[in-house]
Amino acid sequence: MSGDTIRVLIADDQMMVREGFSVLLNAQPDIEVVGEAVDGRQAVEQVAALRPDVVLMDIRMPELNGLEATREIVAADAEAKVLVLTTFDLDEYVYQALRAGASGFLLKDASARQLADGVRIVAAGDALLAPAITKRLITEFNRLGTPRPPAQDRVGELTERETEVLVLVAQGMSNAEIADHLVVAESTVKTHVSRVLVKLGLRDRTQAAVFAYEARLVTPGG
């Protein structure tokens, strides 16, 4: 980030939505909207040109939809975190967005405070997974049935404590909450999370959460 300012790109095909989000976010002292995109293709190009910290990404857009645009941005190793925005609170979108590499998922009817906080959360490298969304994700992975072999095999690379931390990350806990739960220092938790990401070759906490679901480390009530 540039100083303490979070640079944001808004990608949505509706002008009123873009303008509304711009007004709300620019009113925050620590957030600056640096650009807008009217479709997924333009979003990919704008990320390369403007190098924002966070992209607010609509799912349904012409030319290239938000899911495909997210995949391209992540594949290009862009440092931008993608926060997916949609009016559709459906399992398939939650699942596909996170599989594509999004760092969070927020409904368009979120309040101004929720929107700004969501931007801050993903900019800081945390996953934005509301409890209700986490529950639906777990349900979706269980509906899919058997775990993906590569995911299950790689669990063996983790220590018992690292696996425990991974499960708590997948349940949507922050580092501070995990530290309280395990009765350890928050810095210790950060170290464990970093080691989990390195060992599993994952980009961020959201990918770690998806990995945990795929390996069936998290189950309903678990």
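Two strands pair if DSSP finds at least two bridges between them. In this predicted model, strand 3 (residues 54–58) and strand 4 clear that bar, with 5 bridges joining them in a parallel arrangement. One of the contacts in register here is the bridge between Met57 and its partner in strand 4, Val84.

Strand 4 also has a partner in strand 5 (residues 104–107): 4 bridges link these two, and they run parallel as well. Within this pairing, Thr86 sits opposite Leu107 of strand 5.

So how does strand 4 (residues 81–86) fare in terms of burial? Of its 6 residues, 6 are buried, so the strand is largely enclosed by the rest of the structure. Looking at the side chains, Lys81, Leu83 and Leu85 point one way, while Val82, Val84 and Thr86 point the other way, and all of them are buried. Val84, the bridge partner of Met57, and Thr86, which stands opposite Leu107, thus both belong to the set pointing the other way from Lys81, Leu83 and Leu85.

Turning to strand 1 (residues 6–11), Ile10 is one of its residues. Its relative accessible area comes out at just 1%, and since buried means under 20%, Ile10 counts as buried. Setting aside neighbours within four places in sequence, Ile10 is in contact with Arg18, Phe21, Ser22, Val33, Gly35, Glu36, Ala37 and Leu56. Phe21, one of these contacts, lies 11 residues from Ile10 in sequence, with a C-alpha to C-alpha distance of 7.7 Å. Leu56 is also on the contact list of Ile10, and its number falls within the range of strand 3 (residues 54–58).

Definitions and conventions: Residues numbered from 1 in each chain as written. Predicted model: local features only at pLDDT ≥ 70, side-chain atom pairs only at ≥ 80, totals over all residues. Heavy atoms only, no water. Buried < 20%, exposed > 50% of the residue type's maximum accessible area, 1.4 Å probe, protein only. Contact = heavy atoms within 4.5 Å.
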